[in-house]
Amino acid sequence: MNPTPGVILVVYCFTFLFTFIGLITIGKYTTNFDGNCILFAEGNFTHKSNTSLEIVYTLGKWGSSGNCTYVYVVTFFGTLISLCMGINNIFLLKKQIDRTPFSSFAMFLCNCAMTTAMFVAAVITSSGYSSFCSPLKEVDSTVECDKVDLSDLSKKKISNPSNLFSNLQALQFSVWFSMFLWATGSVLAFFKVWYFHKNNDLLQSLAYEKDRLINHRPKYSVIVYEDQ
């Protein structure tokens with residue numbers, strides 16, 4: 001099986017779209033929350049009054065900003081890399097040529113690295129959101145987390161706290177789906193590398209790239225002075 005540049009281009013187009021959605025979502029959240037991270041935040045869920053069923057969230061401690069920063073960095077580089085990969089495949093389609101064995105191997109490594117990084121970002125997002133909402137079960141297990149009153153966050157100079165849950169849910173979906181698309185790209189790249197390997201093109205291409213790099217090293221001439 002040798003995936004064509006057209007098939008790979010479709011995968012990278014969807015990868016760019018959903019990774020970009022994740023980038024916009026985490027960027028909007030970071031702006032609204034003034035750089036603070038709600039993932040793994042510590043707080044209390046309490047009833048608004050003894051006679052009210054409405055539940056209010058009171059923030060005790062923000063989560064580590066490194067969690068949100070990691071998700072932002074991964075989605076940023078994921079957007080950039082998927083865009084570059086897509087443009088590269090458009091170039092291949094326009095020229096009606098296929099990838100070289102060496103570039104296919106490099107694409108496989110890049111996809112594997114992005115799949116791993118996106119998986120970690122997805123786990124951080126889902127675990128952080130779950131950790132934020134888990135204390136609610138001790139107060140009232142019948143109330144959904146997105147129905148909680150977050151007006152207390154407005155006292156901490158947070159703009160639009162009501163958009164928190166919609167942003168986190170959109171972020172979770174986009175990051176997990178992006179991870180799936182990067183994994184799909186890894187599988188396609190693996191099939192391409194395997195195709196070249198079966199035809200003994202991969203080792204020849206790697207040997208060619210090695211020789212080309214060695215031959216392009218600067219050569220220095222040695223001047224020998226003869227004794228008079």
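Trainee: How many helices and strands does the secondary structure of the protein chain come to?
Mentor: This is a predicted model. Along the sequence, the pattern reads α-β-β-α-α-α-α-α. The count is 6 helices and 2 strands.

Trainee: What share of the residues of the protein chain count as buried?
Mentor: Buried means under 20% relative accessible area. The chain has 228 residues. The share that counts as buried is 39%.

Trainee: Which helix gives the most to the largest nonpolar core?
Mentor: That core has 43 residues, and Tyr 29, Tyr 57, Phe 132, Leu 150 and Leu 164 have the most contacts inside it. The elements giving two or more residues include strand 1 (37–47), strand 2 (55–63) and helix 3 (101–133). With 10 residues, the top contributor is helix 3.

Trainee: Which residues is Leu 150 in contact with, leaving aside its neighbours within four places in sequence?
Mentor: Leu 150 is one of the core residues with the most contacts inside the core. Leaving those neighbours aside, its partners are Tyr 57, Phe 132, Pro 161, Leu 164 and Phe 165.

Trainee: Is helix 1 roughly parallel or roughly antiparallel to helix 2?
Mentor: Their axes come within 8 Å and cross at roughly 155 degrees. Angles over 145 degrees count as roughly antiparallel. Helix 1 is therefore, relative to helix 2, roughly antiparallel.

Trainee: How do the residues of the contact of helix 1 with helix 2 divide?
Mentor: Helix 1 passes helix 2 in a left-handed crossing. The residues of their contact divide into 18 nonpolar, 11 polar and no charged.

Notes. Residues numbered from 1 in each chain as written. Predicted model: local features only at pLDDT ≥ 70, side-chain atom pairs only at ≥ 80, totals over all residues. Heavy atoms only, no water. Core = buried A, V, L, I, M, F, W, Y, C linked by side-chain atoms within 4.5 Å. Buried < 20%, exposed > 50% of the residue type's maximum accessible area, 1.4 Å probe, protein only. Helix = DSSP H or I, 4+ residues; strand = E, 2+ residues; numbered from the N terminus. Contact = heavy atoms within 4.5 Å. Axes fitted to C-alpha atoms, helices over the stretch in contact; angles between N-to-C directions. Parallel < 35°, antiparallel > 145°, perpendicular 65-115°, else oblique. Left-handed = near helix turned anticlockwise from the far one by under 90°. Nonpolar A, V, L, I, M, F, W, Y, C, P; charged D, E, K, R; others polar.
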